[in-house]
Amino acid sequence: MLDAAVDGVVLIDHRGLIKAFNPSAERLFGYSAAEVLGRNVGILMPDAEQAQHDQHIRRYLEGGAPHIIGRGREVVAQRNGGARFPIFLSVGVLPDGNTPQFLGFIRDLTPERQAQSQQQELRERLILVSRLAMVGEIAAGIAHEVNQPLAAITNYAWASQRLLGATDPDVGEVRAALQEIGAQAARAAEIIRRLRRLARAPEMRREASSVNALVSEVTELARSEAARHEVSYELDLGADLPPLNIDGGQIQQALLNLLWNAVHALNVSAADPKRVHIRTRVTPEQQIEIDVCDNGPGIPAAIATRLFEPFFTTKEQGTGLGLAMSRTIAEAHGGTLSYRANTPAGACFIMRLPATD
């Protein structure tokens, strides 16, 4: 039975000495049975894990009921040569008078950890693709936003040059023009900063952030596109919202996607006026809630249950990643993203984030 077992099986006595070591354990740890029989089980564990294991054994021998017995847990093991790797360890007891023996069943978690790492890498790539696609969509509006302060800078610069060319230049007017140049340059720089924040790499970088400030920035970025579709934003920002330890860029990406969907839904709507209502508040459950609601045509009940499925889209040129990525971002922050129909018409998407991390 030991030879046929797929998992590694190690039998130790009450002193921690190895009494049996099956072929799967040999492949797992890189030792032959002859090399480990009679040696302490610490050869298979780093010092910290060994100390904890010994403590559990002592508690059992003293009549306690340590968690290691009869249950499984994840621990760190050590191969021949010193390489460490994660395992799932289950321990059973073989009573034998006053000297019980302990049977450990060991499963290598390395393939699972590698798969999880690959999934995480894929998720980050999909978030980046979704983010860059969104930035590309708003590029025209951003160009318009940047052109305005650049045009103002040009005008004030030419005005300053004319004023200084006069016989008796008005220094006060020149100073005022230069101040306007500085203000417009700062405005253009702020627009670029917001865009770069959205387009940067997707690694999560949490920091204390104001939800209301993030919402205000996003609506500014999308203002030109909304105006082009004759859509207006209504902000209802709650007072005294606590700062959250979040990745502001990722939360803004999710919110921008929700705003974008609302604007595009209203583009084919007969609603007059076309409005997107954005509300922030603290819920009784001590969560920060961000609602993005529109008065458009709404979403048919037949497809509402599929909204967050990857690659599901009702747009002719959509990727179907926006809502799926937005929900993934919310969940990565310990929150949720859900949908409900708006009243009397339209759609509402509700993001909730824990007020305390």
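This is a short tour of the structure on your screen, stop by stop. Keep in mind that the model is predicted.

**Stop 1: the whole chain**

Start with everything displayed. The chain has 357 residues, and 41% of them are buried. Colour by secondary structure to bring out 11 helices and 12 strands. If you switch on the surface, you are looking at about 18900 Å² of exposed area, with carbon and sulfur atoms supplying 53% of it. How many contacts join residues at least 24 apart, among those between residues at least 6 apart in sequence? The share is 59%.

**Stop 2: the five-stranded sheet**

Now select strands S7, S9, S10, S12 and S11. In that order they form an open sheet of 5 strands, and the pairing is mixed. Look at the edges: S7 (231–237) and S11 each have a single partner strand, so one side of each is left without a neighbour in the sheet. On average, and ignoring direction, neighbouring strands are turned by 15 degrees against each other.

Zoom in on S9 and S10, an antiparallel pair joined by 7 bridges. To find your place along the pair, pick Thr 280, which stands opposite Ile 290 in S10.

Next, add helix H9 to the view. H9 packs on the sheet and touches S7, S9, S10, S11 and S12, while its direction makes about 150 degrees with that of S9. Then bring in H11, a helix lying across S11 and S12 and running at about 130 degrees to S11.

**Stop 3: the nonpolar cores**

In soluble globular proteins, nonpolar side chains tend to be buried together. Here, the largest nonpolar core has 37 residues, and you can select Val 276, Phe 349 and Met 351 as those with the most contacts inside it. At least two residues each come from several elements, including helix H7 (211–221), strand S8 (244–246) and strand S12 (347–354). Which element gives the largest share of this core? That is H9, with 10 residues.

Centre the view on Met 351 and show what surrounds it. Setting aside residues up to four places away in sequence, Met 351 touches Ile 251, Ala 254, Leu 255, Ile 288, Glu 289, Ile 290, Ala 330, Thr 336 and Leu 337.

Before moving on, visit another core. This second, separate one has 22 residues, among them Ile 18, Leu 28, Val 41 and Val 91.

**Stop 4: the disulfide**

Select Cys 293 and Cys 348 and show their side chains. The two are joined by a disulfide, with an S to S distance of 2.1 Å. Cys 293 belongs to strand S10 and Cys 348 to strand S12, so the pair ties together parts that are 55 residues apart in sequence. The link is right-handed, with 120 degrees about the S-S bond. Are these cysteines buried or exposed? Both Cys 293 and Cys 348 are buried.

**Stop 5: Leu 237**

Finish at Leu 237, which you will find in strand S7. Leu 237 has 30% relative accessibility and therefore counts as partly exposed. Which residues is Leu 237 in contact with, leaving aside its neighbours within four places in sequence? They are Asn 212, Val 215, Ser 216 and Thr 280. For a last step, draw a distance between the C-alpha atoms of Leu 237 and Arg 281: these residues are 44 apart along the chain, yet the atoms are separated by 7.0 Å.

Note on methods:
Residues are numbered from 1 along each chain as its sequence is written. This is a predicted model: local features need pLDDT of at least 70, side-chain atom pairs count only at pLDDT 80 or more; totals for chains, interfaces and linings use all residues. Side-chain values use heavy atoms; hydrogens and water are left out. A nonpolar core is a set of buried Ala, Val, Leu, Ile, Met, Phe, Trp, Tyr and Cys residues joined through side-chain atoms within 4.5 Å. Buried means under 20% relative accessible area, exposed over 50%, partly exposed in between (1.4 Å probe, protein chains only). Helices (H or I, at least four residues) and strands (E, at least two) are DSSP runs, numbered from the N terminus. Contact means heavy atoms within 4.5 Å. A disulfide is a pair of cysteine sulfur atoms within 2.5 Å. Two strands pair if DSSP finds at least two bridges between them. Axes are lines fitted to C-alpha atoms, for helices over the stretch in contact, and angles run from 0 to 180 degrees between N-to-C directions. Accessible areas come from the Shrake-Rupley method with a 1.4 Å probe; for residues, only the protein chains shown count as cover.
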